[in-house]
Amino acid sequence: MVRSNENSKKLKKPKAWKHAQPITPAQLKQMRDEFWDTAPHYGGQKEIWDALKVAAESDLALAQTIVDSAGIIISNPDMTLCYDERGAKYELPKYVLSEPTNLIRES
């Protein structure tokens, strides 16, 4: 059984945000792919980045389970700022955590 870490905060959905220009789902996916491809180069452990990526793409309940079991310390409840148990910092941009309010819906 995984014990809840007293350092862990309850995750919350990120606040609504707006991109500088309206973007399509394909553009958003490209931005996310580029971030996740380069994120491990900013430091921290690859396993933590991988866990954060899966958590970012999951619903809140599953994301909570992932961060708790990976020992990720949530500094901001929307996951924009996290730390691992060694104190390495992980910053996630809002665009990997939620969609902008001005996302262009393709018909």
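**How the terms apply to this chain**

The accessible surface of the chain in this predicted model comes to about 6900 Å², of which 51% belongs to carbon and sulfur atoms.

Colleague: What pattern does the chain follow along the sequence?

Modeller: The pattern is α-α-α-β-β-β-α, from four helices and three strands.

Colleague: Why is the chain called as compact as a globular protein of that length?

Modeller: The globule rule gives 13 Å for 107 residues, and the radius of gyration is 14 Å; the two are close, so the description holds. Along the principal axes, the C-alpha trace spans about 45 × 25 × 20 Å.

Colleague: What makes a residue count as buried, and which residues of helix α3 are buried?

Modeller: Its relative accessible area has to be under 20%. In α3, residues 60–69, that applies to A63, Q64, I66, V67 and D68. Of the 107 residues of the chain, 37% count as buried.

Colleague: What do the buried residues of α3 pack against?

Modeller: They pack against α2 (46–56) and β1 (73–74). A contact requires heavy atoms within 4.5 Å.

Colleague: Why is D59 said to cap the N-terminal end of α3?

Modeller: A side-chain oxygen of D59 lies 3.1 Å from the backbone nitrogen of A61. The cut-off for a polar contact is 3.5 Å, and 3.1 Å is within it, so the pair qualifies on distance. Just after α3, G71 takes a positive phi of about 70°.

Colleague: How many positive and negative side chains does the chain have?

Modeller: There are 15 positive and 15 negative ones, and the centres of the two sets lie 6 Å apart.

Note on methods. Residues numbered from 1 in each chain as written. Predicted model: local features only at pLDDT ≥ 70, side-chain atom pairs only at ≥ 80, totals over all residues. Heavy atoms only, no water. Helix = DSSP H or I, 4+ residues; strand = E, 2+ residues; numbered from the N terminus. Rg over C-alpha atoms; globule rule 2.2 N^0.38 Å. Buried < 20%, exposed > 50% of the residue type's maximum accessible area, 1.4 Å probe, protein only. Areas by Shrake-Rupley, 256 points an atom, 1.4 Å probe, with all protein chains shown as cover. Lys, Arg positive; Asp, Glu negative; His and termini not counted. Charge placed at Lys NZ, Arg CZ, Asp CG, Glu CD. Polar contact = N/O pair within 3.5 Å; in protein donor to acceptor, adjacent residues only side chain to side chain.
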